[in-house]
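Let's take a walk through a protein model. Have the sequence and the 3D view open side by side, and follow along.

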Amino acid sequence: MSDTRLNTLMENLTSRQWQPTGRAHKTPSRSYRLLTKGTWSLTVVQDKRGSTSELLSLLALSSTPACEETYKSVQADTMHPV
């Protein structure tokens, strides 16, 4: 995804009340943008891979007690000691 398209995405998100909370460039080819809205946090990862396709990843997380309980329940049902 080009920088122009990423900036358009960020403008659209902020117009929908997503609040930018941070940004980082871990490598010259990878950057992160962090946003929040209510109990949700959103991480946008732009990965430029030179001559190959560019990637955009979105990771949304909700931090509510109900989500935490569901996560713990699923983890208890699926995680087994080795």
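What follows goes from the overall layout to the first helix and then to a charged pair.

Keep in mind that this is a predicted model. Its secondary structure comes to two helices and four strands, and reading from the N terminus the order is α-β-β-β-β-α. The protein has 82 residues, of which 16% are buried. About 6200 Å² of surface is exposed, with 56% of that supplied by carbon and sulfur atoms. As for how the chain meets itself, take the contacts between residues at least 6 apart in sequence: 23% of these join residues at least 24 apart.

Now turn to helix α1, residues 3-15. With 13 residues at 1.5 Å each, the helix should span 18 Å, and its end C-alpha atoms are indeed 18 Å apart, so expectation and model agree. Which residues of α1 are buried? They are Leu6, Met10 and Leu13. Look down the axis of α1 and you'll find its buried residues within an arc of 60°, which means that they line one face of the helix. The general background is simple: an α-helix has 3.6 residues a turn, so residues three or four places apart point the same way.

What lies over that buried face? The cover for the buried residues of α1 includes β2, β3 and β4. Swing round to the face turned away from the buried side, and there sit the exposed residues Thr4, Arg5 and Glu11. After α1 comes Gln17, which has a positive phi, near 70°.

Next, the charged pair. The structure holds one salt bridge, and its partners are the side chains of Arg30 and Asp47, at 3.0 Å from N to O. This pair ties together distant parts of the chain, with Arg30 in strand β2 (residues 30-37) and Asp47 in strand β3 (residues 40-47), 17 residues apart.

How exposed or buried is each partner? Arg30 has 32% relative accessibility, so it counts as partly exposed. Asp47 has a relative accessible area of 8%, and because buried means under 20%, Asp47 counts as buried.

Stay with Asp47 for a moment and check its surroundings. Leaving out residues up to four places away in sequence, Asp47 touches Ser29, Arg30, Glu54 and Leu55. Among these, Arg30 is the salt-bridge partner, and the two side chains are also joined by a polar contact of 3.0 Å.

Conventions: Residues are numbered from 1 along each chain as its sequence is written. This is a predicted model: local features need pLDDT of at least 70, side-chain atom pairs count only at pLDDT 80 or more; totals for chains, interfaces and linings use all residues. Side-chain values use heavy atoms; hydrogens and water are left out. A salt bridge is a side-chain nitrogen of Lys or Arg within 4 Å of a carboxyl oxygen of Asp or Glu. Buried means under 20% relative accessible area, exposed over 50%, partly exposed in between (1.4 Å probe, protein chains only). Contact means heavy atoms within 4.5 Å. Accessible areas come from the Shrake-Rupley method with a 1.4 Å probe; for residues, only the protein chains shown count as cover. A polar contact is a pair of N or O atoms within 3.5 Å; within protein, one must be able to donate a hydrogen and the other to accept it, and residues adjacent in sequence count only if both atoms are side-chain atoms. The expected span of a helix is 1.5 Å times one less than its number of residues. The arc is that of the directions from the helix axis to the C-beta atoms.
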